[in-house]
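Hi everyone, thanks for coming. I'd like to walk you through a structure that's probably new to most of you, so settle in and have a look at the screen.

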Amino acid sequence: MTGRSGIGSHAASKGSASRFLLALLGLLGVLVFLGLGIWQLERRVWKLDLIARVDQRVHAPVVDAPGPQDWSRLSAPDYEYRHVRLAGHFLGGANTLVQAVTELGGGYWVLAPMRSDRGFTVLVNRGFIPQERKTEFERENAALTPPAPVDGLLRISEPGGGFLRSNDPAVDRWYSRDIDAIAKARGLTDVAPYFVDAEASGAAGWPRGGLTVVTFRNSHLIYALTWFALAGMLAVALARQAPGRPQREAPR
């Protein structure tokens, strides 16, 4: 009897330890889910503030594009999507076509270097062209374009390439608007660390400007509610397994 009693006591103790460990892990899971929910709410506040700031910049009065004295402090959170203006002339034979997909279909952005009247160079995204116009704009001499101010949105460089596709300057294949790489490939100097998406010109020809997408995905509230729901369900499951809770007898 003593041996059988000892075995039963050991098994009960082991079972209690296992239940305690599971309860501890469950409680940790509840805390993790709650933390993730709170983090998503904080991200939502940040995202709403970002959307408000960007919307204010896009619709603000146009200002001169930042010059060399401002380049060292340029950052995406503070400068991207500012409504800016450039005055100068395009340089010839230096168009860069960057693959793009827009509301008009698949094609290319046409980036052309503009030599500003203030003595520095800025890559200007003149707009979108369809696939069938590629050869035409590869050969185009943008220097023949009459000098005129360019209004548009300031954008920060996109280094590296696109999703799973790297830029290949050696064969002039571009998937992102990488300022440093394009400037090096084209032999440009005094180049601003940003590019400008030109506004729509109102003309029906190509390139077609004004296609910048200024939207930000904001699903943080949905994510937060999901994490809080998981925390609630796990907490209910833990409460049902709590010691001392009356168990329903099995039918005889």
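I'll start with the overall picture, then go through the surface, the empty spaces and the salt bridges.

One thing up front: this is a predicted model. Please keep that in mind throughout.

Okay, the overall picture. The protein has 252 residues, and 33% of them are buried. In secondary structure, we've got five helices and 10 strands. Now, how are the contacts spread along the chain? If you take contacts with a separation of 6 or more, 64% of them are between residues 24 or more positions apart. As for the outside, the accessible surface is about 15700 Å², and carbon and sulfur atoms account for 58% of that.

Let's stay on the surface for a moment. There's a nonpolar patch here, made of Phe-20, Leu-21, Leu-22, Leu-24, Leu-25, Leu-28 and Val-32. Together these residues have about 720 Å² of accessible area. Let me pick out Leu-22, which sits in helix 1, running over residues 2-58. Is Leu-22 buried or exposed? Its relative accessibility is 59%, and the bar for exposed is over 50%, so Leu-22 counts as exposed.

Leu-27 belongs to helix 1 too. Leu-27 has a relative accessible area of 46%, so this one is partly exposed. And here's something to look for on the screen: the C-alpha atoms of Leu-27 and Ala-235 are 7.4 Å apart, although 208 residues separate the two along the chain.

Another residue I'd like to show you is Gly-106, in strand 5, residues 105-116. With 36% relative accessibility, Gly-106 is partly exposed. What does Gly-106 touch, leaving aside its neighbours within four places in sequence? The list is Ala-100, Val-101, Phe-128, Pro-130 and Gln-131. Take Pro-130 from that list: Gly-106 and Pro-130 are 24 residues apart along the chain, with 6.3 Å between their C-alpha atoms.

Right, on to empty space. Rolling a probe the size of a water molecule over the atoms shows where there's room left. The largest pocket has a volume of about 380 Å³. It's lined by 23 residues, and the ones nearest its centre are Arg-126, Val-150, Ala-198, Glu-199 and Ser-201. Which strands supply at least two residues each to that lining? Those are strand 3 (88-90), strand 6 (121-130) and strand 7 (150-156). Strand 3 gives the largest share, with three residues.

Then there's the cavity. Searching the whole structure turns up one cavity of 30 Å³ or more, and the space in it is about 30 Å³. Its lining is Trp-109, Asn-125, Gly-127, Asp-197, Ala-198, Gly-209, Gly-210, Leu-211 and Thr-212. At least two of the lining residues come from strand 6, and at least two from strand 10 (191-198). Hold on to Asp-197 from that list, since we're about to see it again.

That brings us to the salt bridges, and the count there is 11. One of them pairs the side chains of Arg-155 and Asp-197, at 2.8 Å from N to O. The pair links distant parts of the chain, with Arg-155 in strand 7 and Asp-197 in strand 10, 42 residues apart. Are these two buried or exposed? Arg-155 has 10% relative accessibility, so it counts as buried, and Asp-197, at 4%, counts as buried as well.

Asp-197 also has a salt bridge with Arg-177, at 3.4 Å from N to O. Arg-177 lies in the loop between strand 9 and helix 4 while Asp-197 is in strand 10, so this pair ties together parts 20 residues apart in sequence. Arg-177 and Asp-197 are both buried. Step back a little and you find a network: salt bridges with shared partners join Glu-80, Arg-155, Glu-158, Arg-177 and Asp-197.

For my last example, look at Arg-186 and Asp-172, whose closest N and O atoms are 2.8 Å apart in a salt bridge. Arg-186 is in helix 4 (residues 179-186), and Asp-172 is in the loop between strand 9 (165-166) and helix 4, 14 residues away. Arg-186 is partly exposed at 23% relative accessibility, and Asp-172 is partly exposed at 37%.

That's my tour. Thanks for listening, and I'm happy to go back to any part of it.

Technical notes
Residues are numbered from 1 along each chain as its sequence is written. This is a predicted model: local features need pLDDT of at least 70, side-chain atom pairs count only at pLDDT 80 or more; totals for chains, interfaces and linings use all residues. Side-chain values use heavy atoms; hydrogens and water are left out. Helices (H or I, at least four residues) and strands (E, at least two) are DSSP runs, numbered from the N terminus. Buried means under 20% relative accessible area, exposed over 50%, partly exposed in between (1.4 Å probe, protein chains only). Contact means heavy atoms within 4.5 Å. Accessible areas come from the Shrake-Rupley method with a 1.4 Å probe; for residues, only the protein chains shown count as cover. Patches are made of residues with over 30% relative accessible area and no salt bridge: like charges are joined within 9 Å, nonpolar side chains (Val, Leu, Ile, Met, Phe, Trp, Tyr) within 5 Å. A salt bridge is a side-chain nitrogen of Lys or Arg within 4 Å of a carboxyl oxygen of Asp or Glu. On a 1 Å grid over the protein atoms alone, a cavity is a set of points where a 1.4 Å probe fits but cannot get out, and a pocket is an open set with protein on both sides within 12 Å along at least five of seven lines; lining residues have an atom within 4 Å of a point. Grid points are joined across faces, edges and corners, and a volume is the space filled by probe spheres set on the points.
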